[in-house]
Amino acid sequence: MPYYTILMDFPLHGRSFLRELDFTNDEWAYFINLASELKTAKRNGTEQQYLRGLNIALVFEKMSTRTRCAFEVAAADQGAHTTYLDPSGSHLGYKESVADTARVLGRMYDGIEYRGDSQCTVEELAHLSGVPVFNGLTDLWHPTQMLADALTMKEHSDKPLNETSFAYLGDARFNMGRSLIVSGAMLGMRVVIVAPQEFQPPSDVVSEAEQRARESGAEIIVTDEIEAVRDIDFIHTDMWVSMGEDEAVWDERVRTLLPYRVTEELMEQAGERAHFMHCLPAVHDNMTTVGQRVFDRYGLIGAEVANRVFEGPRSIVFDQAENRLHTIKAVMVALLGR
C-alpha cells in the first residue's frame with residue numbers, strides 16, 4: 001500500500017507524541033501525508049491494520065468528544081484495543097502518583113494517550129512508562145488538533161501549505177494559540193496571530209516559531225490589529241471562557257475579546273476565499289447551557305463566533321472534526337505500527 005512506503009521514510013517507531021517541537025519540520029509534514037493516505041485507504045476499503053493486537057490506554061482527566069472518539073475509532077480500524085479511563089476511572093494524582101501510574105500502565109499497554117491539565121503530567125508519563133505516549137491535549141500544547149487543522153487546510157486550499165495563510169483570533173496564550181503558531185511555522189505557512197497584547201503567545205514560544213520559520217520560509221505575525229486578517233485563507237478561533245471560571249473572569253474576557261469575535265463582517269474583511277475553522281466545542285448559539293448563559297449575561301447569540309458564520313457556507317469545522325480521526329490514526333500507526 002502507498003502509506004507503507006511513507007512509513008519507511010522516517011524512523012519514528014517507539015517515540016512519544018508530546019508537542020510539535022519534538023519533531024523536525026519534515027517529520028511534522030510526514031504525519032499529515034500519512035494521515036491523508038490513511039484517510040483515502042479507509043474510504044476506499046483498502047486500509048491495512050498495522051496496530052493489530054496492540055493495547056492502548058486512554059487516560060482522560062478532561063472530558064472529551066472528538067479526542068476520545070478519534071482514538072477509539074482509529075485504534076479499532078487498525079486492529080488495536082483501547083481502555084478508557086475517565087476522570088473518575090483512575091486514582092491518578094489522588095491516591096496514586098503520576099509516576100506510579102506510568103509504571104503500571106507501561107507494564108500492561110503498548111501506548112498511552114493522555115488528555116488533561118498539565119504538560120508536566122504527559123511528559124512524566126512518557127518518561128517513566130517505557131511506551132509511546134500521545135498528548136490528546138494539555139494546558140500548553142494540542143498537537144493532535146494541529147495535524148487535523150493542517151490536513152483540513154490542505155484539503156480546502158488549491159495551494160500547497162507553504163503558500164497558504166491563516167489567522168487565529170482570540171486568547172492565544174495557551175494550547176491553541178501556542179500550537180498554531182508553532183505548527184504553522186513548521187509547515188512554512190503565513191501565520192497571523194491576532195489578539196490583545198495581554199492575550200498573545202508567550203515570547204519564548206514566538207521565538208521558537210520564528211526559529212522554525214527561518215528553516216521553512218514561514219512568515220510569523222503577532223498583532224492586536226484586526227485589519228491583519230485581510231487577504232487570508234483560513235480564520236481560526238477558540239472558546240473564550242470555560243464554565244468553571246470565576247464570574248469576574250467571564251466579564252473581563254468577554255469585554256476584552258469582543259472586538260476579536262468572528263462575525264460575517266470579519267469574514268468579509270478576510271476575503272472571499274477565507275474559510276472558518278474551530279477546534280470545537282464552540283459557543284455559537286444559545287442551544288447549550290454555556291450559550292444560554294452568554295446570551296442572558298451579554299446579549300450575544302454565540303460568543304467567539306457568530307452563529308451565521310459557524311453555520312455558513314464557509315465553515316469547515318466538521319471536516320476539521322472528522323480529520324481528528326485520520327490524523328490521530330496516523331500518529332499511532334507511525335509510532336506504534338508493526
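**Exercise 1. Helix H11 and the residue that follows**

Which residue just after H11 takes a positive phi, and of about how many degrees? Using this predicted model, also describe how burial is distributed around H11.

*Solution.* Begin with the end of the helix: just after H11, Gly299 takes a positive phi, with a value of about 70 degrees. Next, list the buried positions of H11, which spans residues 289–298; Val290, Gly291 and Val294 are buried. Seen down the axis of H11, these buried residues fall within an arc of 100 degrees, so they line one face of the helix. Finally, turn to the face that points away from this buried side, where the exposed residues Thr289 and Asp296 are carried. A background rule helps in reading such a pattern: an α-helix has 3.6 residues a turn, so residues three or four places apart point the same way.

**Exercise 2. Helix H5 and Glu124**

Determine which residues of H5 are buried, what they pack against, and how Glu124 is placed.

*Solution.* The first step is to collect the buried residues of H5, namely Gln119, Thr121, Val122, Leu125, Ala126 and Ser129. Seen down the axis of H5, they fall within an arc of 165 degrees, so they line one face of the helix, while Cys120 and His127 are exposed on the other side of H5. The second step is to identify what the buried residues pack against, and these elements are helix H4 (98–108), strand S3 (111–115) and strand S4 (133–137).

The third step concerns Glu124, which is found in H5, the helix of residues 119–129. At 33% relative accessibility, Glu124 counts as partly exposed. Leaving aside neighbours within four places in sequence, Glu124 is in contact with Val98, Ala99 and Ala102. For a separation in space, take Glu124 and Ala35, which are 89 residues apart in sequence and 27 Å apart from C-alpha to C-alpha.

**Exercise 3. Helix H6: span and burial**

Check the span of H6 against 1.5 Å a residue, and establish how many of its residues are buried.

*Solution.* H6 covers residues 143–155, and at 1.5 Å a residue its 13 residues should span 18 Å; the end C-alpha atoms are 19 Å apart, which agrees. For burial, eleven of the 13 residues of H6 are buried, so the helix is largely enclosed by the rest of the structure. Among these buried residues are Pro143, Thr144 and Leu147, together with the polar-named positions Gln145 and Asp149.

**Exercise 4. Two sheets**

Work out the strand order of the five-stranded sheet and of the four-stranded sheet, and find the edge strands of each.

*Solution.* The five-stranded sheet is open, has parallel pairing, and follows the order S7-S6-S5-S8-S9. Strand S7 (219–223) and strand S9 (275–278) stand at its edges with a single partner strand each, so one side of each is left without a neighbour in the sheet. Neighbouring strands of this sheet are turned against each other by 20 degrees on average, direction ignored. Strand S8 (residues 234–237) runs parallel to S9 and is joined to it by four bridges; in S9, the partner of His236 is Met277, and that of Thr237 is His278.

The four-stranded sheet is also open with parallel pairing, in the order S2-S1-S3-S4. Its edge strands are S2 (81–85) and S4, each of which pairs on one side only. Inside this sheet, five bridges join the parallel strands S1 (residues 55–60) and S3, and Phe60 stands opposite Arg115 in S3.

**Exercise 5. His275 in strand S9**

Is His275 buried or exposed, and which residues does it touch?

*Solution.* His275 has its place in strand S9. Its relative accessible area is 18%, and since buried means under 20%, His275 is buried. Not counting residues up to four places away in sequence, His275 touches His156, Asp233, Phe234, Ile235, Met267, Arg314 and Ile316. Along S9, His275 and Met277 point one way and Phe276 and His278 the other way, and all are buried.

**Exercise 6. The nonpolar cores**

Which residues of the largest nonpolar core touch the most other members?

*Solution.* This core has 74 residues, and Phe17, Trp28, Phe31, Ile181 and Met332 touch the most other members. Helix H13 (residues 317–336) gives the largest share, nine residues. A second, separate core of 24 residues includes Tyr260, Leu266, Phe276 and Val305.

Technical notes: Residues numbered from 1 in each chain as written. Predicted model: local features only at pLDDT ≥ 70, side-chain atom pairs only at ≥ 80, totals over all residues. Heavy atoms only, no water. Pairing = 2+ DSSP bridges. Axes fitted to C-alpha atoms, helices over the stretch in contact; angles between N-to-C directions. Core = buried A, V, L, I, M, F, W, Y, C linked by side-chain atoms within 4.5 Å. Buried < 20%, exposed > 50% of the residue type's maximum accessible area, 1.4 Å probe, protein only. Arc of directions from axis to C-beta. Contact = heavy atoms within 4.5 Å. Expected span 1.5 Å × (residues − 1).
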